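I opened a new notebook page for this one. Here is what I looked up, entry by entry.

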Amino acid sequence: MPRHLRLPLAAALLPLVLTACGASASDNGSTSDGRDPDSLVVAAIPSENSTSLAQQYAPLVKLLEAETGKKVQMQKATSYAAVIEAQRAHKADVALYGPLSYVVAKDSGVGVKLAGALVTAKGAKPGYKSYGITRGGSKDINSLADFKGHKVCFVDPTSTSGYLYPQAGLLKAGVKPADYTKVMAGGHDASALSVASGDCEAGFAFDTMVDSDLIKQGKLKKGQLKTVWKSTEIPGSPAAVSTDLTASLQKKIIDAFLTKGNADYMESKGYCSGDGCKIDDNWGFAEVKDSDYDSVRAVCDATKDAQCKDGS
């Protein structure tokens with residue numbers, strides 16, 4: 001069995017910094033079966049710096065309110081570590097994780113149950129890839145080995161496709177952390193745009209951010225970035241429900257994600273229309289199980305990265 005993973009002390013001490021944060025989720029009502037709060041807090045970080053969390057998840061909030069009969073509040077966190085600590089401290093009832101942050105939360109003892117993972121299209125399998133990128137006209141950088149000696153943009157220390165898998169790829173290519181200048185851009189869009197502008201000479205972002213999202217938004221032109229590396233398949237970004245909620249409430253939330261948390265259903269109910277029904281540019285959620293994330297645990301074991309170590 002993979003060893004348990006804990007957030008390093010520095011991450012654990014990060015302020016939660018959930019914007020517009022109200023009362024703790026644990027301040028609400030409870031029963032002998034668990035907590036049954038009057039309202040639900042869903043914690044997440046936006047995948048793009050310029051996009052409002054409320055806008056990204058508005059249809060999902062309407063769905064959850066209809067299915068649970070409770071008021072639902074989205075809370076913007078400043079980092080994946082803050083999302084983990086919010087759920088650990090019972091300040092969030094549902095969390096939208098990256099694969100690595102879910103593994104760290106689960107394996108460090110946060111009580112969470114998977115409620116599905118994002119998919120880009122109906123019937124698609126949850127999963128995506130990390131891209132290693134440089135400027136389209138670069139002649140000096142054609143592989144990860146060429147990142148040596150350059151300024152390299154990453155996303156966040158607990159980002160799976162924006163940090164962990166890139167670290168594994170660089171090490172496999174013989175490039176050590178001391179061989180380049182590391183920059184944390186804070187978002188996948190920021191990382192890609194920093195490479196395009198020349199602020200970083202190379203960097204990482206998830207596949208659709210490079211291939212389509214920023215191009216559709218008019219922020220990048222085709223050919224402005226060159227992909228020089230693609231990771232192995234990464235399991236999908238999951239939603240997780242706090243297990244200290246009542247069993248019936250957990251079931252309602254999980255059922256909502258898996259059976260109705262998709263663009264088709266939400267449009268049919270009038271919660272949204274067209275592309276406005278997409279959840280952070282995704283069609284919806286599909287079922288996943290904890291063992292699907294063992295590949296992330298394996299990459300943690302291979303990299304020995306600080307975000308994965310048990311701190312002992």
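My entries below go from the overall build to single residues.

**Entry 1: the overall build**

I began by noting that this is a predicted model. I counted ten helices and 13 strands in the protein. Of its 312 residues, 53% count as buried. I also looked at contacts between residues at least 6 apart in sequence, and 80% of these join residues at least 24 apart.

**Entry 2: helix 4 and helix 10**

Next I turned to helix 4, residues 99-107, and helix 10, residues 294-303. Their axes come within 10 Å and cross at roughly 85 degrees. Angles of 65 to 115 degrees count as roughly perpendicular, so helix 4 is roughly perpendicular to helix 10.

Which residues meet here? From helix 4 I listed Pro-99, Leu-100, Val-103, Lys-106 and Asp-107, and from helix 10 Val-296, Arg-297 and Cys-300. Sorted by kind, the residues of this contact are five nonpolar and three charged, with no polar ones.

**Entry 3: how covered helix 4 is**

I stayed with helix 4 and checked its burial. The helix is mostly covered, with eight of its nine residues buried. The buried ones are Pro-99, Leu-100, Ser-101, Tyr-102, Val-103, Val-104, Ala-105 and Asp-107. What do they pack against? My list reads helix 3 (80-88), strand 6 (112-119), helix 5, strand 12 (238-242) and helix 10. Just after helix 4, I found Gly-109 with a positive phi of about 100 degrees.

**Entry 4: helix 3**

Helix 3 was on that list, and I looked at its burial too. It is mostly covered, again with eight of nine residues buried. These are Tyr-80, Ala-81, Ala-82, Val-83, Ile-84, Glu-85, Ala-86 and Gln-87. Just after helix 3, His-90 takes a positive phi of about 65 degrees.

**Entry 5: the nonpolar cores**

Then I looked up the cores. The largest nonpolar core has 46 residues, and Tyr-97, Leu-164, Leu-225 and Tyr-293 have the most contacts inside it. I followed Tyr-293 further. Leaving out residues up to four places away in sequence, Tyr-293 touches Pro-99, Tyr-102, Val-103, Leu-114, Ala-117, Pro-235, Gly-236, Pro-238 and Val-288. Of these, Pro-99, Tyr-102 and Val-103 are among the buried residues of helix 4 that I listed earlier. Apart from the largest core lies another, of 33 residues, which include Val-42, Ile-254, Met-266 and Ile-279.

**Entry 6: aromatic pairs**

How many aromatic pairs does the structure hold? I noted eight. I wrote down two of them in detail.

Phe-154 and Tyr-180 form a tilted pair, 5.9 Å centre to centre with 40 degrees between the planes. Phe-154 lies in strand 8 (residues 151-154) and Tyr-180 in the loop between helix 5 (160-172) and strand 9 (181-184), so the pair ties together parts that are 26 residues apart in sequence. Both Phe-154 and Tyr-180 are buried.

Phe-257 and Phe-285 have ring centres 4.8 Å apart and planes at 90 degrees, so I wrote this pair down as edge-to-face. Phe-257 sits in helix 8 (residues 247-260) and Phe-285 in strand 13 (residues 284-286), so this pair joins parts 28 residues apart in sequence. Phe-257 is buried, at 0% relative accessible area, and Phe-285 counts as buried at 4%.

I also found one aromatic cluster formed by Phe-147, Phe-154, Tyr-163, Tyr-180, Phe-204 and Trp-229. Phe-154 and Tyr-180, the tilted pair, are both members of that cluster.

**Entry 7: the loop before strand 13**

My next stop was the loop between helix 9 (263-268) and strand 13, where Asp-275 is found. Is Asp-275 buried or exposed? Exposure needs over 50%, and Asp-275 has 61% relative accessibility, so it counts as exposed. Asp-275 and Ala-263 are twelve residues apart in sequence and 8.2 Å apart in space, C-alpha to C-alpha.

Asp-281 lies in the loop between helix 9 and strand 13 as well. Its phi is near 70 degrees, a positive value in a residue other than glycine. Asp-281 is partly exposed, with a relative accessible area of 35%.

**Entry 8: after helix 10**

I closed with Lys-304, in the segment after helix 10. Lys-304 is not a glycine, yet has a positive phi of about 55 degrees. At 45% relative accessibility, Lys-304 counts as partly exposed.

Conventions:
Residues numbered from 1 in each chain as written. Predicted model: local features only at pLDDT ≥ 70, side-chain atom pairs only at ≥ 80, totals over all residues. Heavy atoms only, no water. Axes fitted to C-alpha atoms, helices over the stretch in contact; angles between N-to-C directions. Helix = DSSP H or I, 4+ residues; strand = E, 2+ residues; numbered from the N terminus. Parallel < 35°, antiparallel > 145°, perpendicular 65-115°, else oblique. Contact = heavy atoms within 4.5 Å. Nonpolar A, V, L, I, M, F, W, Y, C, P; charged D, E, K, R; others polar. Phe/Tyr/Trp six-rings, centres within 6.5 Å; stacked < 30°, edge-to-face > 60°. Buried < 20%, exposed > 50% of the residue type's maximum accessible area, 1.4 Å probe, protein only. Core = buried A, V, L, I, M, F, W, Y, C linked by side-chain atoms within 4.5 Å.
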